[in-house]
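Me: I would like a close look at one helix pair. Please then place it among the other packing and pairing in the model.

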Amino acid sequence: MSTLRRDPVAKYLERYAEPEAVLGSRLDRLTRHIVVIPAHDESATFLKGILPSVSSAAAAGERVLCIVVVNSTDRHDDKLHTRNQVLVDAMKKCTVADAICDGRGDTPCWYGNGVGFDLVIIDRNSSGHRLPRHEGVGLARKIGGDVALAAIHAGASQARLIHMTDCDVCLPADYFKVSGRPSMSALIYRFMHEPSGEPVIDEAHARYEAYLRYYMLGLRHAGSPYAFHAIGSCIATGVTAYAGVRGVPKRQAGEDFYLLNKLAKVGRIETAAGLPIRIRARHSLRVPFGTGRSTHDIAKDVDAYGIYDPAIFDLLKAWIGALSSIEGVDPHRAYDCVCSQAEVGLDTSEQGHLTRALAAIGAPKALHEAAAQSRSFAVRRKWLDDWFDAFRTLKFVHALRDSGYADIGWRQAITRASFCNGLVRDGNDENIMTADSFELCRRLETLEMGT
């Protein structure tokens, strides 16, 4: 028991890992890097997308372990199950994979030797092994992450990060040439969406990417510690941090958002240097929300697409900037003191919107509880930063939207936002209103990178 307390990875594998984690200890070829990929209704051609990264690693004498979790649920139709089985068979054939599962109750799994990489194929698609209805891609990622963690713990891999991506990407050659500070809990890769050749889908995808970048820039403008992208295909987690937050949340969608929300509370979220991951533009109804679903919905009426009013991020900035006022105040006065500081410089209407939104997310009670934790400012502020996390920040944004700051046209929002001023060229706002949508995405990324 004392060993488990000292070693968070061992503790996690003992108490919280999925049953498939044991497969990680059965691998007998040493690898330097690991990437986990959930696969649902995909073709084996997706492997072409990882080749630039694994080939580059192999050229440096570093072997990669690729863990693919082919998954479906019983609610999916037989045709999809058949397509998934075709994928499993194709991957087994191309890597001459051997079974590594023991006994009839184990999840079917194969271990293949590819050119420059090893491939673990986990079958959560076959009858009797499918995912529960309400635990979709999140559980698939967690299974793969747990196998990766077990392989590292058993010494089968020397990986320092557990990379996670998807089947619709092309990983850059320098994908595995990353590093981070000791305080880092996760790395977020740069990304860009590539046109598919379907004009409506491409336009919808570009507009959604512009929103993602706009939202992140808005959070950064406000001083939020949660100003980072949450895209499942662009994450690499620290090994100990992954165990510390108990792996990937087992959700149908949004598991990337909630995983990073937890990781941000135990360490720094950093942006990886190097080339971006290229993501193919496509729409999808596989999950209830996220990039694919958003693209599908935007494509129904591209011209009607609206995003958050930039004024919301100014109020968010006022609130976050006032949180330091909790220092030294009595718990019963904590909310009033912080709220009064946040209202400095706001007009009566803005103050009303702010207080209604704060009431909607339970801020009065939270400020009292934060101040009651300790007289130490550091303890109070850490408690508040953990409480006012990425999820509650989003609730706050939605509360302001619902209180009167309705969504506006996406180009109009970008034009108005002070945190997007760097997009204006030659002092002319019209270039934002008329620029190609993918070009605007690239300009927004340039603002993100600070160059």
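At what angle do helix α13 (residues 363–373) and helix α14 (residues 377–387) pack, and how far apart are their axes?

Reply: This is a predicted model, in which local features need pLDDT of at least 70 and side-chain atom pairs count only at pLDDT 80 or more, while totals for chains, interfaces and linings use all residues. Residues are numbered from 1 along each chain as its sequence is written, and side-chain values use heavy atoms, with hydrogens and water left out.

First, the pair itself. The angle between α13 and α14 is about 145°, and their axes lie 8 Å apart. Helices (H or I, at least four residues) and strands (E, at least two) are DSSP runs, numbered from the N terminus. Axes are lines fitted to C-alpha atoms, for helices over the stretch in contact, and angles run from 0 to 180 degrees between N-to-C directions. The crossing of α13 past α14 is right-handed (the near helix is turned clockwise from the far one by less than a right angle; anticlockwise would be left-handed). On the α13 side, the contact uses Ala363, Ala366, Leu367, Glu369, Ala370, Ala371 and Gln373. On the α14 side, Val379, Arg380, Trp383, Leu384 and Trp387 take part. Contact means heavy atoms within 4.5 Å. By class, nine of these residues are nonpolar, one is polar and two are charged (nonpolar: Ala, Val, Leu, Ile, Met, Phe, Trp, Tyr, Cys and Pro; charged: Asp, Glu, Lys and Arg; polar: the others, Gly among them).

Next, α10 and α15. Helix α10 (residues 311–322) and helix α15 (residues 390–402) have axes that come within 10 Å and cross at roughly 130°. The two are therefore oblique to each other (under 35 degrees counts as roughly parallel, over 145 as roughly antiparallel, 65 to 115 as roughly perpendicular, the rest as oblique). This crossing is right-handed. α10 brings Ile312, Leu315, Leu316 and Trp319, and α15 brings Thr393, Phe396, Val397, Leu400 and Arg401. Seven of the contact residues are nonpolar, one is polar and one is charged.

Then α6 and α18. Helix α6 packs on helix α18 (residues 437–449) at about 20°, with 9 Å between the axes. α6 is thus roughly parallel to α18. Here the crossing is left-handed. Among the α6 residues in the contact are Asp202, Glu203 and Arg207; Phe438, Arg442 and Glu445 are among those of α18. The contact holds eight nonpolar, one polar and nine charged residues.

α6 also meets a sheet. Its residues 199–222 lie across β9 and β12, and α6 runs at about 165° to β9. The sheet is open, has three strands in the order β7-β12-β9, and its pairing is mixed. Two strands pair if DSSP finds at least two bridges between them. β7 (169–170) and β9 (191–194) are the edges; each has a single partner strand, so one side of each lacks a neighbour in the sheet. β9 runs parallel to β12 (residues 277–280), joined by four bridges. Glutamate 194 faces arginine 280 of β12.

A nine-strand open sheet follows the order β3-β4-β5-β2-β1-β6-β10-β8-β11, with mixed pairing. Its edges are β3 (98–99) and β11 (268–271), each paired on one side only. β3 and β4 (residues 109–113) are antiparallel, with two bridges. Aspartate 98 is opposite tyrosine 111 of β4. Helix α5 (residues 137–153) packs on this sheet, touching β1 (33–39), β2 (64–71), β5 (117–124) and β6 (161–164), at about 160° to β1.

Last, the rings. There are 18 aromatic pairs (Phe, Tyr or Trp rings, the six-membered one for Trp, with centres within 6.5 Å; planes under 30 degrees apart are stacked, over 60 edge-to-face, the rest tilted). Tyrosine 12 and tyrosine 242 have ring centres 5.8 Å apart and planes at 70°, so this pair is edge-to-face. Tyrosine 12 sits in helix α2 (residues 8–15) and tyrosine 242 in helix α7 (residues 239–244), so the pair ties together parts 230 residues apart in sequence.
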